[in-house]
Structure formats: structure tokens, C-alpha cells
Amino acid sequence: MTIHIGANPGDIAETVLMPGDPYRAKWAAETFLKDAVCVNQVRGMLGFTGTWNSHRVTIQGSGMGMPSLSIYANELIRDFGAQTLIRIGSCGGMQDHVGIRDVVLAMTASTVSTPSRGIFRELSFAPCADWGLLSAAAAAAQTLGAKTHVGGIYSSDVFYDERPDLNEQMERHGILAVEMEAAELYTLAARYGRRALAVLTVSDHLKTHEALPAEDREKSFGDMVEIALTAAFA
Ligand code: HPA
């Protein structure tokens, strides 16, 4: 048991999927895992462990934003021995060719700041995905027939953004999409020698202002779970 995860030692699998929303963790566990057991309810940040194709998997909510994800990822890695951590979540499209419903696999995650910023001081650390997971996820997405983009994303600290100039620079430099968690997950994985990836679906678009209709969200989320699980055990 840790401060934020009420699981017992051994309750958490080496492979952990991390959606932002705890109810998405519940849905994914009920939909994709066999014999799923709830292993965390602290603060309502639900976590479940079960099996997928006989592999043990935990699906643990991360909350929104890097400070929240950092708490769960730190405890999963340092106290529960998680080896492979895959964020599954939504992002805002930033390029014309990146459409609503498309899958974005984050090769790198640029950011203004992460909870780890203090370590690096003047150094601009480049958080990046695990290559094995990334290439396996790209193959899985192709098999699924999902329109997929692989490249850099931007992990922001704010959803309601007062700095359009930053988005402009991200767009200019080919950044595919914005979300709020991946850079810290990648940084922690690098620090502790673990594997990490963010599998994202474009839920809204910063340029066209389109948004994914509510009825399409479940299908998109299911595709991400399938891509993440296939990549984890490829
Ligand atoms: N901004 C930040 N995070 C997000 C967005 C966005 O537009 N969409 C989904 N996650």
C-alpha cells in the first residue's frame, strides 16, 4: 500500500495501462480483461488487475495533468515494480492532416514544464517513447485499420490555454497534438529504466474546433486499449 494506491504488494501487474479517467479504467477492465479485480479505490482513482490473453495487466487511472499522473506512475514504478506503462487517452489535434478519431502515437513529448523540471534546470531533456512499444503499437494500429500518426506531441499544463503563441510554435514545428500527461510519464520511465508509450485518440481539434461526438468515444477508446495491449505483449 502506498499513499495513493491501496493495493497490496503483488496486486499490481508489471504491465499497466493508464487512462486519465478512472471510469475508463473500469470500462476497459470489464471489457478487455478476464477475472478483473478492483485493486485501488483511494480517492476514487480506480485500478483493476486481470488478465489479457493470459498476461497479467493492471489498468489504473492517472487523473488529469502531469502532477496527478506523476503521483500514480511514481508509486506504480517505485513501490509496485511496474515495468511497462502505457498511457491511453485523448488529445487535441494541431495539424491539418491530423483528424478527429485518428490515433496518435507519441514518439516524443515536448513540454514547458513537468513535475521533473527541477532536476534538469537549464537542460531541455527530450522525453521519448520506448521504441519497441512504439513500433509494435504502430503495427497493431495498422492491423486494426486505424488512421495513425507517429511523431511529436506537446504535453501542456493547461487545458484552457492563455498562450496561443506557444501552440503556434508547436504547430510550426510539426507537433501533431496536445495532451497533458505523456512528458512526465516518459521522463519517469527514462529515470527508472522502464518502458513507456502514450497511445492517444484525437478528441478535439485546435484549428478546426471539431470535437469527437460522444457516441464515438467508446469505440475510439476501445481501439486504444487494443493497440496498447497488443504492443505491450508483442
Ligand atoms: N488540450 C489539452 N489536452 C487535451 C486536449 C486539448 O485540446 N484535448 C484532449 N486533451
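Which residues lie nearest the centre of the largest pocket, and how many residues line that pocket? I would like to start there this morning, and I should say at once that what we are looking at is a predicted model.

The largest pocket is lined by 31 residues, and those that lie nearest its centre are Ser90, Cys91, Phe159, Ser203 and Asp204. If you look for the elements that give two or more residues to this lining, you will find strand E5, which runs over 84-93, strand E8 at 177-179, strand E9 at 195-205, and helix H7 at 214-232. Of these, E5 provides the largest share, with six residues. As for the space inside, the largest pocket holds about 730 Å³, and its lining divides into 13 nonpolar residues, 10 polar ones and eight charged ones.

Let me now turn to the second largest pocket, where the space comes to about 190 Å³. This pocket is lined by 14 residues, and the closest to its centre are Thr111, Arg117, Ser124, Phe125 and Pro127. Two or more residues of the lining come from each of strand E6, at 103-111, and helix H3, at 117-120, and it is E6 that gives the largest share, namely three residues.

What, then, is the make-up of this second lining in terms of nonpolar, polar and charged residues? In the second largest pocket, seven of the lining residues are nonpolar, six are polar and one is charged, whereas the lining of the largest pocket includes eight charged residues.

Technical notes:
Residues numbered from 1 in each chain as written. Predicted model: local features only at pLDDT ≥ 70, side-chain atom pairs only at ≥ 80, totals over all residues. Heavy atoms only, no water. 1 Å grid on protein atoms, 1.4 Å probe; cavity = no way out; pocket = protein on both sides within 12 Å on 5 of 7 lines; lining within 4 Å. Points joined across faces, edges and corners; volume = space filled by probe spheres on them. Helix = DSSP H or I, 4+ residues; strand = E, 2+ residues; numbered from the N terminus. Nonpolar A, V, L, I, M, F, W, Y, C, P; charged D, E, K, R; others polar.
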